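Subject: Structure for you to look at

Hello,

I am passing on the structure we spoke about, with notes on what was found in it. Please read the notes with the model open.

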Amino acid sequence: MGWLQKQPCASTRFDFIKTTTRACYTDVYPLYYVRGLSDGKVPYFDTFNAAGSDIHHVEYPVLSGGFMQIAALLVRPFGVDERGMAFYNVTVFLLALLAVVAVLATAYVAGRRSLRVGLMVALSPALLLTAYINWDLLAVALSALSLAAWSARRPALAGAMLGLAIAAKFYPLLFLGPLVLLCVRAGQWRAMGRMLAGTAGAWLLVNLPVMLFAWDGWKEFYTFSQKRGIDWGSIFFFLQDHGMTGLDDTDRLNMLGTGTFLVLAAGIAVLTLTAPRRPRLPQLLFLVIVAFMLPNKVWSPQYVLWLLPLAVLARPKLPAFLLWQLGEIVYFFGIWWYLLSVSSQTPGAGLGDTLSAVLSLDAPDGGISHDVYGVALLARFSTVLLLAMLVVWDILRPSSDLVRSDGVDDPAGGVLEDADDVFSLRRWRRPRHAVPVT
């Protein structure tokens, strides 16, 4: 279904105006040419000249660049004119396999609710709409395999899968925080050590050769991420339009985003160590990724894939999940129609005309206005925030947690499941003495 959703654009070889009008954009096809793969360039080792950009190497972590190179090699037998579309179709096929892996691994982690959780991920509108925008499913699948290995009480393998996921995308690095905190609270030092060793070993195995022989190409991802300014989708994009100044300064922007994340992460750490019952692993993983995304200067449409398996494992309840998916759908169409108005240099349709076009199952002529895009941005931001607040509520009130209503502790917890607490900040709190009634 995700492949079919992109076909109206594939039939026009992803012409930008038609792609944004029909909301079926992908990075895969244009980057085959823009990143030098069509010319036989090897990611990280060869440079390319991208018009209007100071990027000269593939700006993705090493495993993602390797994935792109494999797809480029597979389409070499095709004619020159057909290789671009062949690259797209081969990439989609490989990403589809990774989507299946992610769904099955997530279902395995869910335990008794495997069918429900698996279907919620597989039939998610966000998955169908964003699966083939970029290469994020590689990291999503590896992260899901890491969780599956951890739930099966194989911490070294879980660490190895997590290390590979980090080598494909940055965000799985944040998994280490919740894993370490939960292991500290449960006193699972040996499992934590094996997990950390597996993570470091797998990451180094993939990255070290490129670091040694193509240093400038290897560091492109990190320097690009540091220098990058506000992108569409970020809450800072909205705040800048509503009076917040100084965001053109990249250093200040990085400080605001990183500082806000660190404050939120500290709050999650306190929550982990003070909650009345040790939180479930997916709950904390979901919260830490949300804490990273909310103040980020970049929030691309496909980043919803990072949250999807974690959200369903953290809170497999339909009402809030469907509201969140609605917010993602609104933003998905909003960003493409807004880019249509920007590229066409038209003011775009207002809210009334946009709603009228949507109800007629059509795209608004000339895209949408800046204000309507702001509404779409806030729709996604607020529904993600609401879902995070509900997860926090479940942590503070374990009786409201659907997963634990069956009497289980944490199906994804592995060595953490049913383990006794050996460290908790609640133990340091003074007992409350009853006040005698007079």
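The chain has a radius of gyration of 23 Å, which agrees with the value near 22 Å for a compact globule of 438 residues. Please keep in mind that this is a predicted model.

Overall form

Along its principal axes, the C-alpha trace spans about 80 × 55 × 45 Å. The chain contains 20 helices and zero strands. Of the 438 residues, 53% are buried. Taking contacts between residues at least 6 apart in sequence, 72% join residues at least 24 apart.

The accessible surface amounts to about 19,600 Å², and carbon and sulfur atoms account for 65% of that. As for charge, the chain carries 35 positive and 30 negative charges, and the mean positions of the two sets lie 11 Å apart.

The core

The largest nonpolar core holds 139 residues. Which of them touch the most other members? They are Phe-87, Leu-137, Trp-150, Phe-286, Ile-289 and Trp-324. Helix 5 (residues 83-109) supplies the largest share of this core, with 13 residues.

Trp-150 is worth displaying with its surroundings. Beyond residues up to four places away in sequence, Trp-150 touches Pro-155, Ala-158, Leu-179, Cys-183, Ala-191, Met-195 and Leu-281. Trp-150 also touches the run Ala-412, Gly-413, Gly-414, Val-415 and Leu-416.

Four individual sites

Phe-221 is in helix 13, which covers residues 220-227. Its relative accessibility is 14%, so Phe-221 counts as buried, the limit being under 20%. Apart from neighbours within four places in sequence, Phe-221 is in contact with Glu-59, Tyr-60, Pro-61 and Phe-170. Val-58 is 163 residues away from Phe-221 along the chain, yet their C-alpha atoms are separated by 7.5 Å.

Thr-250 belongs to helix 15 (residues 250-274). Is Thr-250 buried or exposed, or does it fall in between as partly exposed? With 24% relative accessibility, Thr-250 counts as partly exposed, because that class lies between the 20% and 50% limits. Its contacts, leaving out neighbours within four places in sequence, are Gln-226, Lys-227, Arg-228 and Lys-297. For one of these, Lys-227, the C-alpha to C-alpha distance to Thr-250 is 6.6 Å, with the two positions 23 residues apart in sequence numbering.

Ser-369 sits in the loop between helix 19 (351-359) and helix 20 (370-396). Ser-369 has a relative accessible area of 13% and is therefore buried. Outside its neighbours within four places in sequence, Ser-369 contacts Tyr-338, along with Pro-347, Gly-348, Ala-349 and Gly-350.

Arg-404 is located in the segment after helix 20. Where does its relative accessibility place Arg-404, buried or exposed? The value is 9%, so Arg-404 counts as buried. Not counting residues up to four places away in sequence, Arg-404 touches Arg-277, Arg-278, Pro-279 and Arg-280. Pro-398 and Asp-409 are also among the residues that Arg-404 touches.

If you open one view, centre it on Trp-150, one of the core residues that touch the most other members. A second view could take in Arg-404 and its contacts with Arg-277, Arg-278 and Arg-280.

Regards

Methods:
Residues are numbered from 1 along each chain as its sequence is written. This is a predicted model: local features need pLDDT of at least 70, side-chain atom pairs count only at pLDDT 80 or more; totals for chains, interfaces and linings use all residues. Side-chain values use heavy atoms; hydrogens and water are left out. A nonpolar core is a set of buried Ala, Val, Leu, Ile, Met, Phe, Trp, Tyr and Cys residues joined through side-chain atoms within 4.5 Å. Buried means under 20% relative accessible area, exposed over 50%, partly exposed in between (1.4 Å probe, protein chains only). Helices (H or I, at least four residues) and strands (E, at least two) are DSSP runs, numbered from the N terminus. Contact means heavy atoms within 4.5 Å. The radius of gyration is taken over C-alpha atoms; the globule rule is 2.2 Å times the number of residues to the power 0.38. Accessible areas come from the Shrake-Rupley method with a 1.4 Å probe; for residues, only the protein chains shown count as cover. Lys and Arg count as positive and Asp and Glu as negative; His and the chain ends are not counted. The place of a charge is taken as NZ of Lys, CZ of Arg, CG of Asp or CD of Glu.
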